[in-house]
Amino acid sequence: MKAIILDAAQSLRLADVPDPDPREGEVIVRIEATGICGADRLAYLGKDDRRPVPLVLGHEAAGVATGGRFSGQRVVINPLIFCGTCEFCQAGQTNLCLYRENVSIPPRQGAFAEQVQVPERNLILVPDEVSTQQASLIEPLACGWHVARLCRRAFPRGRTALVIGGGAIGLSAALGLKAQGVTETVMAVSNPTRRAFLRDHCDQDMAPQDLGLAQFDIIIDAVGSVASRQMASAHVRPGGIIGHIGLDDVTGGFDMRRLTLHEVTIIGTYTYSAMDFEQTADAAFDGRLGPLDWFEVRPLEDAPQAFVDLEAGHVAPPRIILTP
Ligand SMILES: [Zn+2]
Ligand SMILES: [Zn+2]
């Protein structure tokens with residue numbers, strides 16, 4: 001089958017690779033849409049040691065199941081594969097599974113390809129009124145849903161929120177917070193092209209460029225850079241929550257003195273549980289996460305140029321979706 005291979009930092013090419021070889025309980029999905037994630041971009045830049053080259057990237061995928069109980073039907077893939085029996089899985093934290101595997105992290109290849117193999121239980125049926133391209137947004141939306149849920153659980157009275165970062169995860173976090181009742185949510189987005197798109201097309205409220213003395217009950221850092229952690233440290237209210245999901249810089253930026261003196265809770269969050277993924281799909285499919293229209297579509301073979309455009313900051317919508 002055809003796939004896009006990352007064979008060195010910033011080097012992607014279309015190649016012929018072996019077809020998937022499903023294990024017990026797995027099915028092959030014929031891919032129709034795969035989004036380009038921030039994690040794919042980190043790997044592309046050679047900054048993700050979990051994804052050594054050569055590798056097929058891509059995990060935000062939807063397509064048509066070619067076997068099992070959904071055979072011939074359109075499905076969205078939960079790309080996080082869990083054992084179901086370890087102590088974390090038993091507690092519902094399937095994202096922390098001791099035997100976790102991810103689509104696009106070795107030994108598993110990714111979904112910038114014509115086909116991918118996944119356990120049948122990782123598939124969710126896509127309703128007729130939702131396109132396969134829209135369904136591929138469930139994965140980033142689930143990341144946002146999860147961080148919003150953990151912040152809400154830590155601070156149920158929280159009413160105001162700032163989301164730092166205007167990628168799909170930032171937008172998904174804002175949509176998740178609003179759907180879960182934190183209606184006073186604003187976004188801080190530095191790229192002017194992206195900021196205009198989120199404001200005018202996605203109906204999101206933008207924080208002023210200068211936040212002044214503003215403070216927020218909940219801050220979600222969907223960038224994870226030194227600068228974004230400095231912003232979160234400065235603008236979280238006493239007793240507030242920082243949900244940290246971005247992965248840009250490994251260290252630096254937190255003002256631990258202020259966070260200590262003001263009893264701020266910092267929550268590191270990673271992906272979503274299987275329950276989050278299902279709840280997100282339900283919410284997205286019945287319209288609670290707004291119109292699923294914040295992407296542009298490009299053919300799979302144009303992936304190299306898409307990555308170049310993303311690094312240049314030239315892409316207005318939060319997602320580029322590749323179609324084989
Ligand atoms: Zn993703
Ligand atoms: Zn497990």
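This briefing covers two zinc sites, aromatic and charge-ring contacts, and strand pairing in the structure above. The model is predicted. One zinc ion (ligand 1) has an irregular site, whereas the arrangement around the other (ligand 2) is tetrahedral. A search of the whole structure finds three aromatic pairs. An open sheet of three strands and a right-handed β-α-β unit are described at the end.

**Zinc ion (ligand 1)**

- Four residues supply the protein donors: Cys37 (SG), His59 (NE2), Glu60 (OE) and Glu139 (OE).
- These donors lie 2.2 to 2.6 Å from the zinc ion (ligand 1).
- Cys37 sits in the loop between β3 (26-35) and α1 (38-44), and Glu60 in strand β5 (residues 60-65). The two residues are 23 apart, so the pair links distant parts of the chain.
- Angles among the four donor atoms run from 80 to 161°, and the site is irregular. A tetrahedral site would need all angles between 85 and 135 degrees.
- Along the chain, the donors follow the spacing C-x21-H-E-x78-E.
- Cys37 has a relative accessible area of 9%, so this residue is buried.
- Glu60 has a relative accessible area of 0% and is buried too.

**Zinc ion (ligand 2)**

- Four cysteines coordinate this ion through SG: Cys83, Cys86, Cys89 and Cys97.
- The distances are 2.3 to 2.4 Å.
- The arrangement is tetrahedral because the four donor atoms subtend angles of 104 to 116°. For comparison, the ideal angle for four tetrahedral donors is 109.5 degrees.
- The sequence spacing of the donor residues is C-x2-C-x2-C-x7-C.
- Is Cys83 buried or partly exposed? Cys83 is partly exposed, because its relative accessible area is 25% and buried means under 20%.
- Cys86 counts as buried, at 7% relative accessibility.

**Aromatic pairs**

- Two numbers describe a pair of aromatic rings: the distance of the centres and the angle of the planes.
- For Phe112 and Phe307, the ring centres are 6.2 Å apart and the planes stand at 80°. The pair is therefore edge-to-face.
- Phe112 lies in the loop between β8 (101-102) and β9 (115-119), and Phe307 lies in helix α10 (residues 303-311).
- This pair links distant parts of the chain, with the two positions 195 residues apart.
- Both Phe112 and Phe307 are buried.
- Tyr44 joins Phe112 and Phe307 in a cluster linked by ring pairs.

**Charges over rings**

- Arg121 places its charged end over the ring of Phe82, 4.5 Å from the ring centre.
- Arg229 does so over the ring of Phe254, with its charged end 5.9 Å from the ring centre.

**Strand pairing**

- The open sheet of three strands has the order β2-β1-β4, and the pairing is antiparallel.
- Its edge strands are β2 (11-16) and β4 (55-56), each of which pairs on one side only.
- Strand β1 (residues 2-8) is joined to β4 by two bridges. Ile5 has Val56 in β4 as its bridge partner.
- Elsewhere, strand β16 (residues 295-299) and strand β17 (residues 319-323) pair in the parallel sense, over five bridges.
- Which residue in β17 does Val297 stand opposite? Val297 faces Ile321 there.
- The right-handed β-α-β unit is made by β16, α10 and β17. Helix α10 also holds Phe307 of the edge-to-face pair.

Note on methods. Residues are numbered from 1 along each chain as its sequence is written. Chains are lettered from A and ligands numbered from 1 in the order in which they are written. This is a predicted model: local features need pLDDT of at least 70, side-chain atom pairs count only at pLDDT 80 or more; totals for chains, interfaces and linings use all residues. Side-chain values use heavy atoms; hydrogens and water are left out. Two strands pair if DSSP finds at least two bridges between them. Helices (H or I, at least four residues) and strands (E, at least two) are DSSP runs, numbered from the N terminus. Donors are N, O and S atoms within 2.8 Å of the metal (3.2 Å for Na, K and Ca); water is not among the atoms, so sites may look incomplete. Four donors count as tetrahedral if all angles lie between 85 and 135 degrees; four count as square planar and six as octahedral if opposite donors are over 155 degrees apart and all others between 65 and 115; anything else is irregular. Buried means under 20% relative accessible area, exposed over 50%, partly exposed in between (1.4 Å probe, protein chains only). Rings of Phe, Tyr and Trp (its six-membered ring) pair if their centres lie within 6.5 Å; planes under 30 degrees apart count as stacked, over 60 as edge-to-face and the rest as tilted. A charge sits over a ring if NZ of Lys or CZ of Arg is within 6 Å of the ring centre and within 35 degrees of the ring normal. A crossover is right-handed if, with the strands pointing away from the viewer, the path from the first strand over the helix to the second runs clockwise.
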